[in-house]
Amino acid sequence: MSDYPSLFRSEEMSLVQLFIPTEVAHDTIAELAELGNVQFKDLNPDVNPFQRSFVGEIRRIDEMNRRVRFFSGQIEKEGLPTRPLQDSAPLMLVGPRVAQTRDELEVKLAEHEARLTQMNESYVTLSTRTRELQEARYVLRETAVFFDRAGTREQDIRSSIDDGTTPLLAGDAESQLHTREGTVQFDLEFVAGTIDRARIPTFERVLWRVLRGNLYMNHTDIDQVFVDPTTGSETRKNVFIIFAHGDQLLAKIRKVAESMGATLYPIDSNGDKRADALREVSARLEDIGNVLYNTGATRKGELTKIAESIESWRDAVLKEKLIYETLNLFNYDARRKTLIAEGWIPTRDTTRIILALRHATETAGTNVPPILQELHTARKPPTFHRVDKFTEGFQTIIDSYGIATYQEVNPGLFAVVTFPFLFAVMFGDLGHGFLGTLTAIAMIAYEKKIMKIDIGELLGTFFYGRYIILLMGMFSMFTGLMYNDIFSKSMHIWHSGWDWQPGSGTISAISTGHVYPFGLDPAWHGTENALVFTNSYKMKLSIILGVIHMTFAICLQVPNHIHFKRYSSIWAEFLPQLIFLESIFGYLVITIIMKWSTDWSAPGAGAPPSLLNMLIYMFLSPGTVEDPMFAGQASLQLFLVALAGLCVPWMLCTKPYLEWREHKKTTEAGYGRIPNNGEGPSHADEEEGADHGNGPIPGSGSGEETEEEHGFQAGEVIIHQVIHTIEFCLGCISNTASYLRLWALSLAHAQLSEVLYTMTLETGLVPGGVGGVIFLMAMFALWFTLTIFILCVMEGLSAFLHALRLHWVEANGKHYEAAGYLFTPVSFARLQEAEQQ
């Protein structure tokens, strides 16, 4: 084991057993969770969660957690700021007084909840009563306005009896409305109240049909918006007054109104009594308003006090719950009064864990330390890659495809370079790469401030991959120099290798004999055949990069085979796969480079051959070449085709034969598998007891398995090898073609950038005085905005996804087994990250 951690392979892991005295169990788990490098096994997999040792403590903590969530909801609803955890006074969760501290916190939370609940109930009651009084005041005011308006003009109000022929109001037309000392006297009764404004049309139609038109209804809007104190929903209402004759009609009106959610208020027809009622309602509203204000201020003060400590309370409650959930995974030895735990740890961290156990003993104030001993096991350990903030994003990309098998070569190490480079091939532009690099540098420079605030899930994703964006931007600047492209314009950094002769119409450039030292010659920019040239150049370049990438991926099989002592797989799998790929597509890469290196304009050079036709006829007509590039090409192609054909049965038959021969050799030596007839322990039982373990790792699923021999099944081995061989041979062709996406996206990005520049910024580059300057500024703003959101963000995401596909399918499919399970230690840091998400 090396002295420094490396991403080349996962960390070496050890299975350990802990004997923890009960009096230091809590502090021990707290110390190990702070360290964050122990993954415990569940030694009670068959025990119901409600029957475990510390279920009582977990229930108490769940109740405390419920109260903290209740406080958080109230604080968020009120819009109050909370004190950050790093600025809050921490609670002591270790030491002899930890139980007392937890009890005090429980009592404090209960007291705050009781006070806050009482104030909430009072506030809701007062708010509801205030709303009712406000509605009653509006009803009294609008009713008074209606009666006053009725007293200033004559209205024909008709009444109805059963046959519908008599007037609605008693008396003749002259006595329907008469004024006595400024008041209007009515011979019929009315119903008044408030109703939701959206239900007014339905309310009118229902009343008209139920009462057959024997009513007079008036309604008006209430300007005030009523807010429900519980849900916070807004409601707009109308005041209505309905006149009818007879108790039966009034009863029907009340039933219809109540069924539609209306609120009815008893209003007297006498004007003096209505005025007295209005004054009484206004006085009560003022009194209740004062009480409501004081209640709200007291409630806000209580929430402000809670907000100062809620983050430390939440942190303490979550940590306590994690500690007791971890303790429930252990076995209890009643005779020794100790807890027995098992788990995986990184081997290089053993010393740190031992020191943490000693510190837990000192903190608890006891003299009996926990005991740690290493166990020998045949089980597959979890996979743990030690990453930092720079490599974390790249490792996450690989882990999204699959968790590496324990001690397998980690492609995440090489993705640090290959991923941003392949992205940059599709996104190559010096200007766009500079914008991406600048954005990443800004996020890195202010990362501490950004980590303290909530920037949302979308921006948080970009911030998480800030170092990926940094490298993608830097590589894009490099490929932008190679393509000689900056915001769709070329750069004349060095002297061009072509000169343009004066003339009219279509003119041709003349070579000066000078070679442009780096990247694409700027003379190609704007020419008629520029697209043809760059298409051919980028298409062939994508094939070269793809073959190199796949060749490197295949070569990563070798360190895996050597490490896992699968030496026969080197010449049974790796060698034929490499020869098959190189005999076809490696040869294609060589011919591409030869075609680039040949001066086809020289005398006697002939016409440049079509490499695509050459590759097709290499299999359709072996041994014949229409336009040979070198002597003996036909014979070489015939040899390469035969070699590729030989690799197919080589891959198909060699490994099954070697496994059959190894199985036969083992069986003849007398080491065959003994069947279990029920009289003794099975092989699986022996493996289960090899590490003295009693349960699986929580969350590992079926990942933790014993590396036991399941017997040789010839049919399964042959079928697996046939599928693997066919998949590889066909995959070499499809995967090579898949790398053409490098050319396609690079072309699309360059053309879109050119179109955007031509249609926006170029149209503003015309002289026109002050108006022209304003128009240029507007076009620049439009061009810059579209460049950011379309070319940098949308095109960047597209190139990112395509680079992801090339790594997941084309590269990882050649060597990456991804049959491991993730190392998930007990960690307070992970707990806080999950809570923030």
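In helix α6, the buried residues are Arg274, Val281, Leu285, Ile288, Leu292, Thr295, Arg299, Glu302, Leu303, Ile306 and Ala307. The model is predicted. An α-helix has 3.6 residues a turn, so residues three or four places apart point the same way. Keep that in mind when reading the list. It includes charged residues, among them Arg274, Arg299 and Glu302.

The helix covers residues 271–307. How far apart should its ends be? At 1.5 Å a residue, its 37 residues should span 54 Å. The end C-alpha atoms of α6 are 52 Å apart, so the length agrees with expectation. At the start of α6, Asn270 makes a polar contact: one of its side-chain oxygens comes to within 2.9 Å of the backbone nitrogen of Asp272.

Now turn to strand β9, residues 237–244. Is β9 mostly covered or mostly open? Mostly covered: 8 of its 8 residues are buried. In a regular strand the side chains alternate between the two faces of the sheet. In β9, both faces are covered. Lys237, Val239, Ile241 and Phe243 lie buried on one side. Asn238, Phe240, Ile242 and Ala244 lie buried on the other.

Which strands pair with β9? Strand β5 (residues 189–196) does so in the antiparallel sense, over 8 bridges. Strand β6 (residues 216–221) is also antiparallel to β9, over 6 bridges. Phe243 is a good place to look. Phe190 stands opposite Phe243, and so does Tyr216.

Next come the nonpolar cores. The largest has 62 residues. Which of them touch the most other members? They are Phe419, Phe580, Phe585, Leu588 and Leu742. Helix α17 (residues 568–597) gives this core its largest share, 10 residues. A second, separate core holds 46 residues. Among them are Ile75, Ala307, Tyr324 and Leu329. Ala307 also appears among the buried residues of α6.

Back in the largest core, take Leu742. Leaving aside neighbours within four places in sequence, Leu742 is in contact with Leu422, Val425, Met426, Ser542, Leu545 and Leu806.

The last stop is a loop. Asn484 sits between α14 (466–483) and β14 (498–500). Is Asn484 buried or exposed? Its relative accessible area is 7%, so Asn484 is buried, the cut-off being under 20%. What does Asn484 touch, beyond its neighbours within four places in sequence? Its contacts are Lys489, Ser490, Met491, Tyr516, Leu520, Asp521 and Pro522.

Key
Residues numbered from 1 in each chain as written. Predicted model: local features only at pLDDT ≥ 70, side-chain atom pairs only at ≥ 80, totals over all residues. Heavy atoms only, no water. Buried < 20%, exposed > 50% of the residue type's maximum accessible area, 1.4 Å probe, protein only. Helix = DSSP H or I, 4+ residues; strand = E, 2+ residues; numbered from the N terminus. Pairing = 2+ DSSP bridges. Expected span 1.5 Å × (residues − 1). Polar contact = N/O pair within 3.5 Å; in protein donor to acceptor, adjacent residues only side chain to side chain. Core = buried A, V, L, I, M, F, W, Y, C linked by side-chain atoms within 4.5 Å. Contact = heavy atoms within 4.5 Å.
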